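Me: I'd like a close look at a single part of this structure. Could you pick one stretch and walk me through what sits around it?

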Amino acid sequence: MSTQSVELIRLDPSEIVAATLHAGLRPSDVLVVEHAWAEHRARLIAGLSTRGVPRSDWPQSLHWNWEAKAPQLLLLQASCAGIFCDERWQGLMMTKTAVHMATLAPDVGKPLVYVDFLETAPWNWRISSLGQEPQFKSVGTLLFKEAVEQSIREDFHGRVGLHALPQAESLYERVFRMTRVGPDAKKQNLVYFEFTRQQAHRFLSGGEP
Amino acid sequence: MNGTKRTMTLNLTPQEMEALDDLAQRKDLSKTAVIRQALRLYQLVDVRLAQGEKLFFEDEVQKKKAELMVL
């Protein structure tokens with residue numbers, strides 16, 4: 001496992017806090033995260049059910065279970081990164097590197113880092129119906145940045161691809177400025193987004209993609 | 001993938017080296033990255049086949065689907 005120092009934004013009280021980004025998490029690490037998150041997920045489900053919030057308005061990754069995803073990390077093509085702060089894991093991301101290829105010119109058919117799962121801890125979700133505000137901001141951005149940097153380390157020049165849950169589409173399209181390739185019938189019609197090498201380098205340099 | 005990297009010598013025939021050079025050029029990868037990708041893919045296929053799954057190639061245009069026999 002490798003670690004690097006990063007910073008998160010705590011919302012209440014508003015402050016910047018030190019955190020660590022860990023790459024190369026193993027299945028046992030992911031189990032620890034899931035056990036911590038499952039409890040909070042259960043509370044959210046209970047709250048949403050009690051208030052009669054329609055399922056369509058529930059956070060779309062609420063049913064995710066990282067314990068079930070953990071065995072995938074036994075394969076060389078999969079890797080997992082997480083952000084640790086305040087004695088808790090604040091976000092996780094699983095990427096794949098073997099079978100996903102770029103679809104955008106000029107690199108069609110060249111490998112990319114595919115973000116299979118990216119999730120912030122359940123206490124970092126804004127859930128208006130429950131009055132829950134995120135404890136930390138920028139967790140998802142830092143994990144996405146790690147995917148781009150992984151792509152560069154892998155010789156993939158920053159190319160990244162992912163299928164977004166509908167609630168996350170605007171993040172990838174408007175905030176990260178990924179190219180919206182379109183709905184993918186082979187992936188439950190989730191919209192596929194991709195970063196070209198040029199977009200990735202502009203993202204890392206802090207410029208407009 | 002993280003961790004300390006180890007170095008090995010790879011003995012390839014001229015044809016194998018040519019194929020490696022060609023893939024490295026077409027995929028815009030270093031030769032090491034090509035070998036790494038090949039290993040990841042081989043392991044993935046091997047594990048899935050061992051679990052009883054099959055590997056297919058599909059041509060969506062010509063509506064053709066063929067199983068790749070890995071023995």
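Reply: Here is a walk along one strand, E9 of chain A, and then outward to its neighbours. Keep in mind that this is a predicted model.

Let's start with the strand itself. E9(A) covers residues 190-195, and 5 of its 6 residues are buried, so it counts as mostly covered, given that a residue is called buried when 20 or more other C-beta atoms lie within 10 Å of its own. In a regular strand, by the way, side chains alternate between the two faces of the sheet.

Now, who pairs with E9(A)? One partner is E7(A), residues 160-164: the two run antiparallel and share 5 bridges. To find this pairing in the picture, look for A:Val160, which stands opposite A:Phe195 of E9(A). Another partner is E8(A), residues 179-184, again antiparallel with 5 bridges. Here you can look for A:Asp184, whose bridge partner in E9(A) is A:Leu190. E8(A) and E9(A) form a hairpin with 5 residues between the strands, and in that hairpin A:Gln188 has a positive phi near 55 degrees.

Let's zoom out a bit. E9(A) belongs to an open sheet of 9 strands with mixed pairing, in the order E6-E1-E2-E3-E4-E5-E7-E9-E8. The edges are E6(A), residues 136-137, and E8(A), each of which pairs on one side only. If you step from E9(A) to E7(A) and keep going, you reach E5(A), residues 113-120. E5(A) and E7(A) pair in the parallel sense, over 3 bridges. A:Val115 is a handy marker for this pairing, as its bridge partner in E7(A) is A:Leu162.

Elsewhere in the sheet there is a helix to look at too: H1(A), residues 27-50, lies across E3(A) and E4(A), running at about 130 degrees to E4(A).

Another helix, H3(A), takes up residues 139-153. Its 15 residues should span 21 Å at 1.5 Å a residue, and its end C-alpha atoms are 21 Å apart, so the two agree. Its buried residues include A:Leu142, A:Leu143, A:Phe144 and A:Val148. After H3(A) comes A:Asp155, with a positive phi near 80 degrees.

Last, a word on the other chain. The contact between the chains draws 15 residues from chain A and 15 residues from chain B. On the side of chain A that touches chain B, 7 residues are nonpolar, 5 are polar and 3 are charged.

Definitions and conventions. Residues are numbered from 1 along each chain as its sequence is written. Chains are lettered from A and ligands numbered from 1 in the order in which they are written. This is a predicted model: local features need pLDDT of at least 70, side-chain atom pairs count only at pLDDT 80 or more; totals for chains, interfaces and linings use all residues. Two residues are in contact if their C-beta atoms, placed from the backbone, lie within 7 Å. Ala, Val, Leu, Ile, Met, Phe, Trp, Tyr, Cys and Pro count as nonpolar, Asp, Glu, Lys and Arg as charged, and the others, Gly among them, as polar. Helices (H or I, at least four residues) and strands (E, at least two) are DSSP runs, numbered from the N terminus. The expected span of a helix is 1.5 Å times one less than its number of residues. A residue is buried if 20 or more other C-beta atoms lie within 10 Å of its own, exposed if 12 or fewer, and partly exposed in between; C-beta atoms are placed from the backbone. Two strands pair if DSSP finds at least two bridges between them. Axes are lines fitted to C-alpha atoms, for helices over the stretch in contact, and angles run from 0 to 180 degrees between N-to-C directions.
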